[in-house]
Amino acid sequence: MSDINLSADNDYEPGALLEKPKTVTRRAFFWAGWSSFWILVSLWSFSVFRYLVPRVSYEPSSIFKAGRPEEYPLGSVTLIPGRKVWIIREETGFYVMKAVCTHLSCQPQWIEKEQIFKCPCHGGRFRKNGVNFAGPPPKPLERVQVSLGDDGRLFINKDHIVDFASVLKVSASF
Amino acid sequence: MDEKKEKGEKRGNSFKKTQVYKAIFGDLLYGEFKLSSPINSLIRAVAKAMQLNPYNMSAGGRKIITYTFCLGGLSVFFFALLACTGTFLMLYYNPDVNKAYSNVEDFRYIVPFGVLIRNMHRWTAHLMVLFVSLHMLRVFLTGAYKPPRELNWIVGVFLLVLTMLASFTGYLLPWDQLAYWGVTIGCSMGENIPVIGAKGPFAVLKSGSDINAVLVGGASVGQPTLLRFYLLHAIAIPLSIVALMGYHFWRIRRAGGVSGPL
């Protein structure tokens, strides 16, 4: 302030502000405004896109229990309707597959008579172990993690995709 | 007889001299803008009343029906018809998984003329997709995409995509088996889109937050999907189409009306 003396004794000198290097220029002010505008726009668009995917889904949980192993007869394929999985009991043990076609996510059906899964949408075919053998599906049905819970019930975690050959072995007493 | 005829002609002529007549038809029926058929004259008259005519336009562009087959105009007509019938359908339709299918059945058994309105909406939707495609074909075959109309071609491509999306989102609303699995398939295809799809090339988003999850609003098609598709179908897409159409028509006017023979 001392450089510019606006007192009555010393009249204001035109151009005095230009000689002060720390004064905010019109150009700098323009760029500050313009960049803060675009920062705001980008933050706002992020919030809009993030808004589209909620934190919590009200759908049935992807982690659930599905009864005792002895409830599933040997060789059976059981669909759990609300969870979209099949629980399959073989001599080797249990495995759980997502009831979602690997082509375009339709729900195949288990045909007991032919012992295969058939997808109604585009005619995909899977064997009992999930291997695709006809139609458009590019890969086998996905297997998800199944384990025995502390209470002896099957504990299924759909979020955890496991290897194709993995099977839960259960004791022969069942 | 002759007197009557003369009188009639005089009356007609006097009406043609009024300002009302001139304001509507102007010099479309006389002078340099005289057109080949009454329908062409009528279209020109409507265009003039809506101030759609540019200052300068090519001679070929005046013959709308014969040259463009009015395909774009018919697409707009179908859009307007869809907006009207769609509004009537919204009176009885609820985007609720427990109600949607029975609401659609109500159009058949409970709502008077419900079958008429619903089928008008359905068939007009099919016709709009067809005519938008034919319009694109016509523009391509006549070379009407060339400068100064390149940008309008691009706007037109966006309008085509929006028309397809409107058709796709409306497909889910009856909430029957066909709709459910059709949309399951359609949204699954979204997973393979580059960048924004979880399984596509250059994917940056995970499976729970990609374009498929945004459209479906969950792990599988359900209540959130129905609501999202309803809002897209009834609000977001029509408004986008209206905005782009306005720009599309303004560009036509800027370019000097519909393109003439090249």
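**Strand pairing, cores and the chain contact in the predicted model**

In the hairpin formed by E2(A) and E3(A), four residues lie between the strands, and among these structural details A:Lys84 adopts a positive phi near 60 degrees. The structure described here is a predicted model. Strand E2 (residues 77-80) and strand E3 (residues 85-89) of chain A are joined in the antiparallel sense over four bridges, and within this pairing A:Leu79 is placed opposite A:Trp86 in E3(A).

Residues of E3 also contribute to the largest nonpolar core, to which E3, strand E4 (94-98) and strand E10 (154-162) of chain A each supply at least two residues. This core comprises 21 residues, of which A:Val85, A:Trp86, A:Ile87, A:Phe94, A:Val96 and A:Met97 touch the most other members. When neighbours within four places in sequence are left aside, A:Val85 is in contact with A:Ile80, A:Val96, A:Met97, A:Lys98, A:Ala99, A:Val144, A:Ile156 and A:Lys158. A second core, separate from this one and made up of 20 residues, includes B:Leu172, B:Val183, B:Leu215 and B:Leu226.

Elsewhere in chain A, four strands build an open sheet with antiparallel pairing, in the order E5-E6-E7-E8. Strand E5 (109-111) and strand E8 (132-134) of chain A occupy the edges and have a single partner strand each, so that one side of each is left without a neighbour in the sheet. On average, and with direction ignored, neighbouring strands of this sheet are turned by 35 degrees against each other. The pairing of E5(A) with strand E6 (residues 116-118) of chain A is antiparallel and extends over three bridges, with A:Ile111 standing opposite A:Ile116 in E6(A).

Helix H1 (residues 26-51) of chain A has 26 residues, which at 1.5 Å a residue should span 38 Å, and the distance of 37 Å between its end C-alpha atoms agrees with this expectation. H1(A) is hardly covered, since the count of buried residues among its 26 residues is zero.

Between the two chains, twelve residues of chain B are in contact with nine residues of chain A. On the side of chain B that touches chain A, helix H9 (177-190) and helix H10 (211-216) of chain B each supply at least two residues, and H9(B) gives the most, with five residues. Classified by residue type, this side of chain B has six nonpolar and six polar residues, whereas no charged residues are found there.

Technical notes: Residues numbered from 1 in each chain as written. Chains lettered and ligands numbered in written order. Predicted model: local features only at pLDDT ≥ 70, side-chain atom pairs only at ≥ 80, totals over all residues. Expected span 1.5 Å × (residues − 1). Buried ≥ 20, exposed ≤ 12 C-beta atoms within 10 Å, placed from the backbone. Pairing = 2+ DSSP bridges. Axes fitted to C-alpha atoms, helices over the stretch in contact; angles between N-to-C directions. Contact = placed C-beta atoms within 7 Å. Nonpolar A, V, L, I, M, F, W, Y, C, P; charged D, E, K, R; others polar. Core = buried A, V, L, I, M, F, W, Y, C linked by C-beta atoms within 7 Å.
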